[in-house]
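Here's a quick tour of one structure, going from its interior to its surface and then to the side-chain pairs. Have a look at the model first.

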Amino acid sequence: MEQELNLDSDLEIPELLPVIPTRDLTIFPFIIVPLSIGRDASMTAVDAALAGNRLLVLTAQRDPAQEDPDNNDLHRTGTVATIMRMLKLPDGRMRILVQGVSRCSIEYFTLDKTYREAKIILLSDSDSSAEDLEEQALIRNVKSLLERSASLGRPISSEVLVIANSMENPGRLADLVASNIDLKIHESQAVLEELNAQRRLKLVNDFLARELTLLEMQQQINSQARGEMDRTQRDFYLRQQLKVIQSELGDGNELQEEINAYNAKIEKLDLPDEARAEIVKQLRRLENMHPDTAETGIIRSYLDWMTDLPWGVYSKDKLNLARARKVLDDDHYGLVDIKERILEFLSVRKLNPKTKNPILCFVGPPGVGKTSLGRSIAHALGRSFVRLSLGGVRDEAEIRGHRKTYVGALPGRIIQGIAQAKTSNPVFVMDEVDKIGQDFRGDPSAALLEVLDPEQNIHFRDHYLSVPFDLSKVMFILTANTLDTIQPAFRDRMEIIELTSYTMQEKLQIALRHIVPRQVKEHGLSKDLISFQREALKSMIENYTREAGLRGLQREIGKVCRKVARKVAEGETGLFKINKSSLRGFLGPVKIFSDQRLRKPRIGVVAGMAWTPVGGEILIVEASQMAGTGRLTLTGQLGDVMKESAQLALSLLRARAREYKIADDRFKEVDIHVHFPEGAIPKDGPSAGITVATALLSILTSREVRCDIAMTGELTLRGEVLAIGGLKEKVLAAVRAGITEIILPKMNENDLEEISKEIRAKCTFHAVKDISEVLKLAVL
């Protein structure tokens, strides 16, 4: 039994003492431990200690298997101990009872005699404050953990618990606890070598917490094992009784009936060999299991999914091109490019039924009909339609599924969609593909590479199914608002089709053909109760919505229908005609103020054009100068690209100062401030380059800029005008503002074909290659 006794504090300890190496044991000060001595050198050392002051040094071996350790095999921190009792055994060995006295550091060993001696330096604990709250908390926690360990079966004597509860010295408490728990030799040696009492107690606290965790787990395992054994015996007994009862009543085996139902399903499915083999394997496992075990539920769920999938079930494509065109035209106005692409696919499929399905990606602003277009394509082809939203998906298992061994495992969203479609060749729309997330659980877009690759998806392997499923007949359509966030490898699998914002005429036609009839019907009205005039719809589009798509317009029309429906419900009769003058009474004051052209030519003020996710806008650039030192100030919440464009424009003008008749010292005498109004809105992009250059030249030469012209184009340091994007939206914004003369890059001249003939007829376009052409056209 290990316990602690008081020693005489005046005990004198010489510097040279006999040494006994210990195996798998570290002796702590004030702890009584019995030792068995069998090595000749160690017994001689005991005799020498007994002949003197009964003191010796106990130090642990680094390698317990070493029979005759040398000096390097011994730790240099040990414990001075006193021999309390000694007993010689008949086989020649000794039994001694020792008590630790003090920590010591061994300076060197001597082997001049038949036993090992060591020159030592006594070690003492560093001082610690008795009022340290952390130390007091550690003491209490260690005592509590020690009692808890004893209650869980750790063999700790009651005397040790009593001594520990009455002890307030952190160093002594740490030594006592360390000697009464299972520690590896390097762990107990670390406790012995730590001289700071508080840190030593913290170390022991960590070891004791680990020991307590192991004891709790051991107790839990024993309890579960006993409970499982009792439950198994009880279940066996009850099952035997149930068999006898069923035999007497003549009832059939429900499990066998369930297996027969699965077999009947399998016979009707056109299964690949690998899938059939896996289903048969799981059926055999189910047949050999007890019906009430947990794993049968997992197998039943797996078999349900496998037998519910449309293996080899394909809907027949409707290849009538005239019908397909009519369906697409009835459902959507405009969108000529997409309709042509679908008709081309049908034509190829008609000539070659084995052609691969295209993987289309519709890219455009919100509300332009990307998802509804996928539904129309499914209708035109005569296929089932499935939609999956990928926005915010971060887990790869959402695509590939979970392993069926996990609790609550399910197939991925792709296989779930196929099961929902009931055919293996649906039109599968994946929305918001540009908003896929990524974290520690994997990258869903990387998992989609296999789904969308025609060379790989013929053998798509969902983690849950564990067998290949053919996705090559599925027509995948993806939608996105932007391509910037889509990985290049992922984008490479797709055929990109861009959907631009709708023009005023397109919005008006869609409202008349689709939105108004649908909203009137949804609100319980009819043509006899409400009618919308074209001018009212135009006013809604211009003054109450500013968007690339149609969702805002649909909400405003729905708002008018709700107010009319209320009046009808309250008893008012007659036809409610919604015209431009009555619109304010339904929708309130005007919400959107259209961009206005500049009223007169001014110095340093230029009309540019910008692209936004909800369409184009007129972007006014203002420049001003003041006496200064040549500093350029930019305001309006600009991005880095736009700031660089402004700096580039100024550098270009300085390089061409003589050409534009600007004095050389002009740039050093003034400070220039360029401002982009609506400063709360972030702005970025390179297309304002020529606009800024025009504004700067205007103020530096005191020449006015035309108010009836708008411009867009990226500028280089050589003065070249480079291509830009979003030309259609920008031109529409200029027309809305009453500007019909537009400067654009020569490289964008072919993009004018995307603009309707009606708009092109209203405008005069100037395609330029160099900034000099811009300045000649815009600066008076």
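The helices and strands named below are DSSP runs, numbered from the N terminus. With that in hand, V393 can be placed: V393 sits in the loop between β8 (385-389) and α13 (397-400). Keep in mind that this is a predicted model.

So is V393 buried or exposed? The cut-off for buried is under 20% relative accessible area. V393 has a relative accessible area of 9%, so V393 counts as buried. Who does V393 touch, once neighbours within four places in sequence are set aside? The contacts of V393 are E398, I436, G437 and P444. For a sense of scale, V393 and R199 are 47 Å apart in space, C-alpha to C-alpha, and 194 residues apart in sequence.

**Cores and a surface patch**

The largest nonpolar core has 53 residues, and V451, F476 and L478 are the ones touching the most other members. There's also a second, separate core, this one of 51 residues, with L335, I338, L381 and I541 among them. Back to L478: neighbours within four places in sequence aside, L478 is in contact with I359, L360, C361, F362, M430, V433, L452, F490 and M494.

On the outside, L214, M217 and I221 make a nonpolar surface patch of about 300 Å². L214 belongs to helix α6 (residues 197-249). Its relative accessibility is 47%, which makes L214 partly exposed.

**Aromatic pairs**

How many aromatic pairs does the structure hold? There are three. One of these joins Y302 and Y464; the pair is tilted, at 5.8 Å centre to centre and 55° between the planes. Y302 lies in helix α9 (residues 294-308) and Y464 in the loop between β10 (460-461) and β11 (468-469), so the pair ties together parts that are 162 residues apart in sequence. Both ends are tucked away: Y302 is buried, with a relative accessible area of 1%, and Y464 is buried too, with 2%.

**Salt bridges**

The structure holds 36 salt bridges. Here are some of them, with N to O distances.

| Acidic residue | Basic residue | Distance, N to O |
|---|---|---|
| D175 | R200 | 3.3 Å |
| D317 | R383 | 2.7 Å |
| D770 | R656 | 3.2 Å |

Let's start with the salt bridge of D175 and R200. D175 is in helix α4 (residues 170-178) and R200 in helix α6, so the pair ties together parts that are 25 residues apart in sequence. D175 and R200 are both buried. They're also part of something wider, a network of salt bridges that links R103, D125, D175 and R200.

Next comes the salt bridge between D317 and R383. This pair links distant parts of the chain, 66 residues apart: D317 is in the loop between α9 and α10 (321-331), and R383 is in the loop between α12 (370-381) and β8. Both D317 and R383 are buried.

Last up is the salt bridge between D770 and R656. Why does this pair tie together parts that are 114 residues apart in sequence? Because D770 lies in the loop between β26 (764-768) and α26 (771-778), while R656 lies in the loop between α21 (640-655) and α22 (666-669). Once again both partners, D770 and R656, are buried.

Definitions and conventions. Residues are numbered from 1 along each chain as its sequence is written. This is a predicted model: local features need pLDDT of at least 70, side-chain atom pairs count only at pLDDT 80 or more; totals for chains, interfaces and linings use all residues. Side-chain values use heavy atoms; hydrogens and water are left out. A nonpolar core is a set of buried Ala, Val, Leu, Ile, Met, Phe, Trp, Tyr and Cys residues joined through side-chain atoms within 4.5 Å. Buried means under 20% relative accessible area, exposed over 50%, partly exposed in between (1.4 Å probe, protein chains only). Contact means heavy atoms within 4.5 Å. Patches are made of residues with over 30% relative accessible area and no salt bridge: like charges are joined within 9 Å, nonpolar side chains (Val, Leu, Ile, Met, Phe, Trp, Tyr) within 5 Å. Accessible areas come from the Shrake-Rupley method with a 1.4 Å probe; for residues, only the protein chains shown count as cover. A salt bridge is a side-chain nitrogen of Lys or Arg within 4 Å of a carboxyl oxygen of Asp or Glu. Helices (H or I, at least four residues) and strands (E, at least two) are DSSP runs, numbered from the N terminus. Rings of Phe, Tyr and Trp (its six-membered ring) pair if their centres lie within 6.5 Å; planes under 30 degrees apart count as stacked, over 60 as edge-to-face and the rest as tilted.
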